[in-house]
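Visitor: I am new to this structure and would be grateful for a close look at a single part. Please choose one, and explain each term as it arises.

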Amino acid sequence: MSLGRVLIIEDEELIRETVALALTEEGYEVTVAADGRAALEILQASALVGAGGSSAYSNVNQTAPREQPDLIILDLMLPNISGLDLCRLIRRQGSSVPILMLSAKGTETDRVVGLEIGADDYMTKPFGMRELVARCRALLRRQQQFQPALPDSTLVFQNIVMYPQECRVLVKGNEVNLSPKEFKLLELFMRHPKRVWSRDQLLERIWSHDFIGDSKTVDVHIRWLREKLENDPSNPEYLVTVRGFGYRFG
Ligand code: CA
């Protein structure tokens with residue numbers, strides 16, 4: 001299951017591919033564009049920019065609308081059409097898709113111009129991937145707050161049933177008591193069955209800002225969860241160790 005669709009518009013291949021890889025690993029569905037024109041075609045195909053907006057590029061196939069991105073990462077300096085112009089076009093169309101602008105220039109003027117024409121956030125190169133991922137997550141979260149929340153449906157996996165809104169978990173029909181961290185960990189696993197998580201990814205997702213520690217913490221919580229969920233905790237069926245990588249559920 002994808003956490004959201006991200007469109008990356010960046011002409012520097014190394015940055016484009018590194019960002020794409022980092023976001024894909026986080027569970028996002030990533031589309032890339034290497035210059036302004038390619039980006040415009042994608043934006044027009046997803047109806048984020050009107051086809052008539054720029055007559056010079058009107059040869060775009062409009063028959064198959066793409067799904068709109070949930071977030072756009074937009075480099076400022078691009079061949080063909082600049083990031084600023086793309087940002088203006090998107091906002092002129094009335095779209096409120098979050099835009100994270102990237103720039104090699106770090107002057108205050110660039111930042112102000114970027115934000116004034118409708119970017120939601122701004123990062124100066126070089127930047128760390130963890131910070132970029134954290135900012136993407138924050139932008140998507142902010143966006144989701146303006147949209148009606150989806151009903152929190154019950155999660156079921158074989159003998160395990162979770163009611164996220166009630167913070168309850170049943171195993172073979174019997175209620176089990178989980179600590180808040182164990183609950184969050186299990187919820188993450190159940191929402192992404194079969195996905196392999198590294199210890200660092202789990203630390204960041206579950207413990208995030210209130211914790212600086214090592215991956216042993218994850219192992220300890222996995223062991224406790226196994227004792228509460230598994231038929232045979234020393235031979236787990238649900239919380240499986242993936243040697244050299246981390247853990248997966250199911
Ligand atoms: Ca560039």
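Guide: Helices here are DSSP runs of H or I with at least four residues, strands are DSSP runs of E with at least two, and both are numbered from the N terminus. This is a predicted model, in which local features need pLDDT of at least 70 and side-chain atom pairs count only at pLDDT 80 or more, while totals for chains, interfaces and linings use all residues. Residues are numbered from 1 along each chain as its sequence is written, and side-chain values use heavy atoms, leaving out hydrogens and water.

The protein chain contains 8 helices and 12 strands. Of its 250 residues, 45% count as buried, a word that stands for under 20% relative accessible area, with exposed being over 50% and partly exposed in between (1.4 Å probe, protein chains only). A contact requires heavy atoms within 4.5 Å. Among contacts between residues at least 6 apart in sequence, 55% join residues at least 24 apart.

The part chosen is helix 3, which spans residues 83-92. Its buried residues are Gly83, Leu86, Cys87, Leu89 and Ile90. Because they cover an arc of only 160° around the axis, they lie on the same side of helix 3; the arc is taken from the directions from the helix axis to the C-beta atoms. Against these buried residues pack strand 1 (5-9), helix 2 (36-45), strand 3 (71-75) and strand 4 (99-103). Just after helix 3 comes Gly94, with a positive phi of about 90°.

Leu86 of helix 3 deserves individual attention. Its relative accessibility is 0%, so Leu86 counts as buried. Leaving aside residues up to four places away in sequence, Leu86 touches Ile9, Gly36, Ala39, Leu40, Leu43, Leu74, Leu78 and Ile81. One of these, Leu43, is 43 residues from Leu86 along the chain, and their C-alpha atoms are 9.1 Å apart.

The packing of helix 3 on helix 2 can now be described. Two packed helices are described by the angle between their axes and the distance between the axes. The axes are lines fitted to C-alpha atoms, for helices over the stretch in contact, and the angles, between N-to-C directions, run from 0 to 180 degrees. For helix 2 and helix 3 the angle is about 15° and the axes are 11 Å apart. That angle makes helix 2 roughly parallel to helix 3, since angles under 35 degrees count as roughly parallel, over 145 as roughly antiparallel, 65 to 115 as roughly perpendicular and the rest as oblique. Their crossing is right-handed, meaning that the near helix is turned clockwise from the far one by less than a right angle; anticlockwise would be left-handed.

Helix 2 contributes Gly36, Ala39, Leu40 and Leu43 to this contact, and helix 3 contributes Leu86, Leu89 and Ile90. By class, the residues of the contact are 6 nonpolar, 1 polar and no charged. In this classification Ala, Val, Leu, Ile, Met, Phe, Trp, Tyr, Cys and Pro are nonpolar, Asp, Glu, Lys and Arg are charged, and the others, Gly among them, are polar.

Another helix pair may serve as a further illustration. Helix 7 and helix 8 (residues 216-229) pack at about 80°, with axes 9 Å apart, and are therefore roughly perpendicular to each other.
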